[in-house]
Amino acid sequence: MTQTLSDFKKIVDAEEYFQFFQLPFDPQIVNVNRLHILKKFSQYVSEIDENYPNIEPQEKLDKYRDALVKSYELFLTSTGVEQKLFKVFNDKPKNVVLLSEIQSD
């Protein structure tokens, strides 16, 4: 069965993306990093859509597939904290003084 962009746009779960592209994945990795993988994948998809607006649907799906692989593999060796994809990881707590900010005379 041939997958279409219309089918792709109906996907809602991380596991469904892997199944759609027939990619193997470790469910534990996806469970731990689900939001981070999807966020990074979403960033890659946006870049693809922006940089390749007129490519054929199958070529676009191939690029999306590569983007999902890249997103997944990123979190095999990295963490969400290291990647800082979400605002919460970039905001400095208001009630914390870091040791690096303390100076002595």
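What share of the contacts in the chain with a separation of 6 or more comes from residues 24 or more positions apart? In this predicted model, such residues account for 56% of those contacts, and the sections below follow several of the pairs and elements involved.

## Overall make-up

The chain has six helices and zero strands, so that its elements, read from the N terminus, follow the order α-α-α-α-α-α. Of its 105 residues, 28% count as buried, while the accessible surface amounts to about 7,700 Å², with carbon and sulfur atoms contributing 51% of that area.

## Helix α3 and its kink

Helix α3 covers residues 27–51, and its geometry departs from that of a straight helix: although α3 has 25 residues, its end C-alpha atoms are only 31 Å apart, whereas a straight helix would reach 36 Å at 1.5 Å a residue. A kink of about 85 degrees is found in α3, and the centre of this kink is Asn-33.

Asn-33 is also one of the buried residues of α3, a set that further holds Val-30, His-36, Ile-37, Lys-40, Phe-41, Tyr-44, Val-45 and Ile-48. For reading such a list, it helps to recall that an α-helix has 3.6 residues a turn, so residues three or four places apart point the same way.

## Ser-71 against helix α3

Several of these buried residues reappear around Ser-71, which is placed in helix α4. Ser-71 has a relative accessibility of 0% and is therefore counted as buried, the cut-off for that class being under 20%. Once its neighbours within four places in sequence are set aside, the contacts of Ser-71 are with Ile-37, Lys-40, Phe-41 and Tyr-44, each of which is listed among the buried residues of α3.

## Two salt bridges

The structure contains two salt bridges. In one of them Arg-34 pairs with Glu-15, and the closest N and O atoms are 2.8 Å apart. Because Arg-34 belongs to helix α3 and Glu-15 to helix α2 (residues 14–20), this pair ties together parts that are 19 residues apart in sequence. Arg-34 itself counts as partly exposed, at 25% relative accessibility.

The other salt bridge is formed by the side chains of Lys-60 and Asp-49, with an N to O distance of 3.4 Å. Here the link runs between distant parts of the chain, since Lys-60 lies in helix α4 (residues 57–77) and Asp-49 in helix α3, 11 residues apart. The two partners fall into separate accessibility classes, as Lys-60 is buried with a relative accessible area of 12%, whereas Asp-49 is partly exposed at 32%.

## Surroundings of Lys-60 and Leu-5

What does Lys-60 touch, not counting residues up to four places away in sequence? Its contacts are Leu-5, Ile-48, Asp-49, Tyr-52, Pro-53 and Ile-55; of these, Asp-49 is its salt-bridge partner, and Ile-48 is one of the buried residues of α3.

The contact with Leu-5 brings in helix α1 (residues 5–9), where Leu-5 is placed. Lys-60 and Leu-5 are 55 residues apart along the chain, yet their C-alpha atoms are separated by 8.4 Å. Leu-5 and Pro-57 are likewise 52 residues apart in sequence, with a C-alpha to C-alpha distance of 6.5 Å. Leaving out residues up to four places away in sequence, Leu-5 touches Pro-57, Lys-60, Leu-61 and Tyr-64.

## Exposed features

Is Gln-22 buried or exposed? With 68% relative accessibility, Gln-22 counts as exposed, and its position is in the loop between α2 and α3. The backbone of Gln-22 has a phi near 55 degrees, which is a positive value in a residue other than glycine.

A nonpolar patch on the surface is made up of Val-97, Leu-99 and Ile-102, which together offer about 360 Å² of accessible area. Within this patch, Val-97 belongs to the segment after α6 (87–90), and its relative accessible area of 60% makes Val-97 exposed.

Terms used. Residues numbered from 1 in each chain as written. Predicted model: local features only at pLDDT ≥ 70, side-chain atom pairs only at ≥ 80, totals over all residues. Heavy atoms only, no water. Salt bridge = Lys/Arg side-chain N within 4 Å of Asp/Glu carboxyl O. Helix = DSSP H or I, 4+ residues; strand = E, 2+ residues; numbered from the N terminus. Buried < 20%, exposed > 50% of the residue type's maximum accessible area, 1.4 Å probe, protein only. Contact = heavy atoms within 4.5 Å. Areas by Shrake-Rupley, 256 points an atom, 1.4 Å probe, with all protein chains shown as cover. Patch = residues over 30% accessible without salt bridge, like charges linked within 9 Å, V, L, I, M, F, W, Y side chains within 5 Å. Expected span 1.5 Å × (residues − 1). Bend = angle between axes of the 7 residues up to and from the residue.
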